[in-house]
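Me: I'd like to learn how to read the packing inside a protein model. Could you take me through one, feature by feature?

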Amino acid sequence: MTYDLMTYDLVVIGGGAAGVAGALSAAQRGLRVALIDSGARLGGQYFRHPAVPPHPATSGLDRFVRQTRALSERAELLLGHQVWSVSREPGGDLTVHCVTTPGDGSGERPVEVRGRRLLLATGAHDRPLPFPGWDLPGVLTAGGAQALLKGNGVVAGQRVVVAGTGPFLLPVAAGLAAAGARVLGVHEANGGLGLARHPVLALAKAGEAASYALSLARHRVPYRPRTAVLAAHGGDRLEAVTVARLDRDWNVLSTRRVACDTLATGYGFTPQTDLGVQLGCDTRRDADGSPVLAVDDRQRTGVPGVWAAGEPTGVGGWRLAELEGRLAGLAAADDAGLAAAGESAAREAGAALPEVLVRRRDRMRAFARALLEAYPVKDGWQGWLRDDTLVCRCEEVPLSRLREAQDLGATDARSIKLLARPGMGWCQGRICGYPVACLAGEEPAPPRRPVVQPITLAALAEDLSAEPPTGGPS
Ligand SMILES: Cc1cc2nc3c(=O)[nH]c(=O)nc-3n(C[C@H](O)[C@H](O)[C@H](O)COP(=O)(O)OP(=O)(O)OC[C@H]3O[C@@H](n4cnc5c(N)ncnc54)[C@H](O)[C@@H]3O)c2cc1C
């Protein structure tokens with residue numbers, strides 16, 4: 001067992017835009033900060049990039065790289081550390097339980113990091129929908145295709161179809177086309193004018209949208225609103241997809257077959273809230289029905305000493321994530337200053353945060369809400385499924401087993417899970433939780449996971465049998 005000797009003023013979980021900005025603004029105000037991320041490099045989903053050379057086309061990357069350099073001089077960076085749980089010590093401090101694999105062949109090792117305050121900046125993950133054939137090799141999530149490209153320089157395929165909903169499909173298609181893939185089409189299930197319907201969106205995103213439109217035009221990539229991929233076909237791997245024209249509610253009007261070797265698909269993102277839920281933080285529904293961590297104006301959750309920033313408080317893009325991170329770092333530093341001065345009454349209110357940052361964050365939040373409303377997931381997708389379509393890939397649960405569970409009296413997603421086992425496999429419902437909730441006629445519930453990342457029994461046993469991290473390394 002490795003123990004860190006220090007009790008940090010602030011422990012940040014997540015090294016994306018929100019976590020880095022939060023850690024840096026707190027460290028610049030004198031807090032002793034540790035930042036933990038499971039990745040080998042800082043960057044998170046948006047700033048994911050190979051070590052050298054940095055990906056040139058990512059806007060904001062230069063500034064992010066400057067932030068990470070400044071942070072590495074001021075804070076402890078624990079990369080390659082996967083957090084599986086956070087617990088509260090009797091004195092009020094928080095212990096973050098991680099595992100890391102040192103690379104000396106000794107296997108997974110537990111690590112505990114203790115802090116007085118915690119900032120949750122754990123981002124989001126892809127939200128795919130099931131459809132016949134989505135388990136074929138060659139079918140990827142849109143985020144997966146982009147991660148391969150940004151992180152490893154790997155182009156997912158030669159003849160690629162991009163499908164789903166939301167503006168995220170555009171950078172994925174543009175990136176793949178620029179890297180040499182033949183992108184056969186971008187199939188947006190909603191109307192293509194989602195952005196333009198909201199004047200605030202149109203203004204704020206006009207430049208970005210135009211640059212993607214230009215890039216798609218340059219590579220002759222057709223953008224087809226109100227179309228979707230209904231099924232993937234192939235033997236050992238993907239050979240073709242069925243593309244459908246849809247009405248407003250995503251009912252099928254007509255279909256055609258398109259030969260391809262790769263499909264990148266995504267229907268938005270699911271915020272990663274599980275560590276916050278584990279600690280007892282309140283959640284609220286975002287505009288798309290996703291449960292997100294509820295925070296106040298200072299990015300505080302309802303649990304004392306715990307802040308949250310970025311996608312766990314609602315999906316809104318890297319700029320909003322960075323801003324929320326900065327505000328959370330400032331608020332945590334303020335809290336530490338007041339604690340040092342013994343000003344417990346003033347702590348409730350805290351010093352005012354920079355008005356200009358607060359106003360910008362609030363504007364961006366309104367923008368994020370409008371974006372979610374412009375690209376909803378409509379119930380029509382449920383009609384694309386067949387009885388044998390796998391809904392849960394880990395446990396190989398087809399739609400028919402979910403329906404049998406419902407016939408047996410399962411009325412909600414939880415009882416469907418108990419009877420038919422969707423969500424009981426490796427991903428613990430991260431992928432199938434959303435569609436199962438929709439098929440049960442519910443909004444997705446906040447994830448309750450006592451262990452949020454897979455951990456070996458040996459590492460778990462070592463962690464649980466260890467003394468609390470109050471002394472030196474054992
Ligand atoms: C697959 C994907 C691709 C995206 N691509 C784009 C894009 O091209 N353009 C865009 O504007 N937006 C994109 N987004 C949205 C994007 O997530 C945000 O705009 C931005 O990255 C949010 O920053 P963040 O700091 O909140 O989260 P992230 O950047 O996601 O950072 C979260 C970090 O937390 C770490 N983490 C999470 N859980 C744990 C744990 N238990 N233990 C240790 N570390 C943990 C992760 O490794 C990650 O580094 C993408 C989102 C996803 C899911």
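Reply: Happy to; we will go through the nonpolar cores, the aromatic rings and one buried acidic residue. Keep in mind that this is a predicted model.

Me: Let's start with the interior. How many residues does the largest nonpolar core have, and which have the most contacts inside it?

Reply: The general idea first: in soluble globular proteins, nonpolar side chains tend to be buried together. Here the largest nonpolar core has 37 residues, and those with the most contacts inside it are L10, V12, L31, V33, L35, L71 and L119. Two or more residues each come from β2 (10-13), α1 (17-28), β3 (33-37), α2 (61-74), α7 (318-341) and α9 (355-374). The largest share, 10 residues, is given by α7.

Me: What is L119 in contact with, beyond its neighbours within four places in sequence?

Reply: L119 is in contact with L10, V11, V12, I13 and G22, and also with W307, A308, A309 and A328. Another core lies apart from the largest one; it has 28 residues, including L129, W381, L439 and A440.

Me: Now the aromatic rings. How many aromatic pairs does a search of the whole structure find?

Reply: A pair of aromatic rings is described by the distance of the centres and the angle of the planes. The search finds seven aromatic pairs. Take Y46 and F47: their ring centres are 4.7 Å apart and their planes stand at 70 degrees, so this pair is edge-to-face. Y46 is partly exposed, with a relative accessible area of 26%, whereas F47 is buried at 2%.

Me: And F47 with F64: is that pair stacked or edge-to-face?

Reply: Stacked, with 4.4 Å from centre to centre and 10 degrees between the planes. This pair links distant parts of the chain, since F47 sits in the loop between β3 and α2 while F64 belongs to helix α2, 17 residues apart. Both F47 and F64 are buried. Ring pairs link Y46, F47, F64 and W318 into a cluster.

Me: Which charged groups lie over rings?

Reply: Here are two cases to look up. R127 lies over the face of Y434, 4.4 Å from the ring centre. The charged end of R393 sits over the ring of W134, at 4.0 Å from its centre.

Me: Last one: is E324 buried or exposed?

Reply: E324, in helix α7, is buried, with a relative accessible area of 2%. A polar atom of the E324 side chain lies 2.8 Å from the backbone nitrogen of G310. Leaving out residues up to four places away in sequence, E324 touches Q299, A309, G310, T313, R361 and R365.

How values were computed. Residues numbered from 1 in each chain as written. Predicted model: local features only at pLDDT ≥ 70, side-chain atom pairs only at ≥ 80, totals over all residues. Heavy atoms only, no water. Core = buried A, V, L, I, M, F, W, Y, C linked by side-chain atoms within 4.5 Å. Buried < 20%, exposed > 50% of the residue type's maximum accessible area, 1.4 Å probe, protein only. Helix = DSSP H or I, 4+ residues; strand = E, 2+ residues; numbered from the N terminus. Contact = heavy atoms within 4.5 Å. Phe/Tyr/Trp six-rings, centres within 6.5 Å; stacked < 30°, edge-to-face > 60°. Lys NZ or Arg CZ within 6 Å of the ring centre and 35° of its normal. Polar contact = N/O pair within 3.5 Å; in protein donor to acceptor, adjacent residues only side chain to side chain.
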